[in-house]
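Subject: Structure handover

Hello,

Here is the structure I said I would pass on. My notes follow it, with the terms explained as they come up.

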Amino acid sequence: MMQLALEAARHALRLSPPNPAVGCVLVAPDGTMIGVGHTQRAGGPHAEIMALRDAAQHGRSVQGATAYVTLEPCAHHGRTGPCCDALIAAGIGKVVASLPDPNPLVAGQGFERLRAAGVEVEVGAGADEAHELNIGFFSRMVRGLPWVRMKVAASLDGRTALENGTSQWITSPAARADGHAWRARAGAILTGVGTVIEDDPRLDVREIETERQPPLALVDSHLQTPVDARLFEVPGREVWIYAARRDPARAAALEARGAHVRCMPDDTGKVALAEMMRDLAQREVNELHVEAGHKLNGSLLREGQVDELLLYLAPKLIGDGLGMASRIHAHGPLNMLSDALSLEFRNVEAIGTDLRILARLAGRAAF
């Protein structure tokens, strides 16, 4: 039943940000599944409420039922009311939850209120899978930072473009659609002004169906983003531009296109990336999906601002060309292999004719 709840939670991945993706399955005392639900868009019902509604719509009693839920039922008034109170009022007899909610406004209080009302509580089933589904939410709540996933499409020899900059298309249509699925679950997409000037991308979700377009964050130290860039053509999407120097005229022109401009310089006259990440967390970004060029990729890696790589490798050899990331080590080329940036493979899978690798920086996600 918890596996069914986890499957329900996966349906919320593209829908629920900034809320966690949660699934709930209700089971009658005789073992019959009587309701299922997942978290809706922010401000909408949570998984538990949807499961209760599902049972009610089918005329099924939930008295004494067990609720299998992938995260602790909330205990606070946010955009919606407390789910623990709704379960108690419905007569649920037992709650089996995967994980405590890391949100300080909950953090065990949901379990306490359930137990105080006589509801039996068990915690731990499906914990690893539930954590992975909501790794960005846990990152934001525990570290105060989004979970940063850098997406790269490259040839087998690690080239992301020809020397003349041509990069469309290295990978297959199947890989591109899969990449859009990862975009869709993100709290925001991040790119650099170099990519905007060179490729003029929309950087929206197009290859799959989605009910929301993640905001676009743009690193643009000198406010060089063209006011007629295609990224402004995505209806209803927020665009956040991070600059390193003030230029009121340029900022006003970009804000007239709907952008929000913030000046956030570091000591070298570039955007302070660590400060930007904290700001993105304040904007409730759980997962940050990076699609940028080798310069910004290198800067993010060099400053320790990346948690994992989403790498698509095409069965092609390009030879001379642009790499995935430049200058990822602060002190220049390495002299010892032991100083290389270490990663751990999390998943390797064939996507169309390409290979998708999810590799996490060693030691990340210990929260």
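Two strands are counted as paired if DSSP finds at least two bridges between them. Helices (H or I, at least four residues) and strands (E, at least two) are DSSP runs, numbered from the N terminus. This is a predicted model: local features need pLDDT of at least 70, side-chain atom pairs count only at pLDDT 80 or more, and totals for chains, interfaces and linings use all residues. Residues are numbered from 1 along each chain as its sequence is written, and side-chain values use heavy atoms, with hydrogens and water left out.

The nine-stranded sheet

One open sheet has nine strands in the order β10-β9-β8-β7-β11-β6-β12-β14-β13, and its pairing is mixed. The edges are taken by β10 (259-263) and β13 (343-351); each has a single partner strand, so one side of each has no neighbour in the sheet. From one strand to the next the twist averages 20 degrees. Axes here are lines fitted to C-alpha atoms, for helices over the stretch in contact, and angles run from 0 to 180 degrees between N-to-C directions.

Within this sheet, β6 and β11 run parallel and are joined by four bridges. W147 of β6 has E287 as its bridge partner in β11. β6 also pairs with strand β12 (residues 308-314), again in the parallel sense, over seven bridges. There, A154 stands opposite L313 of β12. Elsewhere in the sheet, strand β7 (residues 188-192) and strand β8 (residues 216-219) are parallel partners over four bridges, and G192 stands opposite V219 in β8.

Strand β6 in detail

How many residues of β6 are buried? Nine of its nine residues are, where buried means under 20% relative accessible area (over 50% is exposed, in between is partly exposed; 1.4 Å probe, protein chains only). In a regular strand the side chains alternate between the two faces of the sheet. In β6, W147, R149, K151, A153 and S155 point one way, while V148, M150, V152 and A154 point the other way.

K151 lies in β6 and is buried, with a relative accessible area of 19%. Contact means heavy atoms within 4.5 Å. Leaving aside neighbours within four places in sequence, K151 is in contact with H289, V290, E291, L310 and Y312.

A153 is in β6 as well. With neighbours within four places in sequence again left out, A153 is in contact with R159, T160, I170, T171 and Y312. A153 and I170 are 17 residues apart in sequence, and their C-alpha atoms are 6.9 Å apart in space.

Helices on the nine-stranded sheet

Helix α6 (residues 135-143) lies across β6 (147-155), β11 (287-290) and β14 (354-361), and runs at about 135 degrees to β6. Helix α10 (residues 273-282) also packs on the sheet, where it touches β6, β7, β8, β9 (239-243), β10 and β11. The direction of α10 makes about 155 degrees with that of β9. Which residues of α10 are buried? They are L273, M276, M277, D279, L280 and A281. After α10 comes E284, which has a positive phi, near 70 degrees.

The five-stranded sheet

Another open sheet has five strands in the order β2-β1-β3-β4-β5, with mixed pairing. Its edge strands are β2 (33-38) and β5 (120-123), each pairing on one side only. The twist in this sheet averages 15 degrees from one strand to the next.

Strand β1 (residues 23-27) and β2 run antiparallel and are joined by five bridges. L26 has G35 as its bridge partner in β2. Helix α1 (residues 2-10) lies across β1, β2, β3 (66-69) and β4 (94-97), at about 145 degrees to β1.

A helix pair

Two packed helices are described by the angle between their axes and the distance between the axes. For helix α3 (residues 83-90) and helix α4 (residues 109-116) the angle is about 20 degrees, with the axes 9 Å apart. That makes α3 roughly parallel to α4; angles under 35 degrees count as roughly parallel, over 145 as roughly antiparallel, 65 to 115 as roughly perpendicular and the rest as oblique. The contact is made by C84, D85, L87 and I88 of α3 and by G110, R113 and L114 of α4.

Regards
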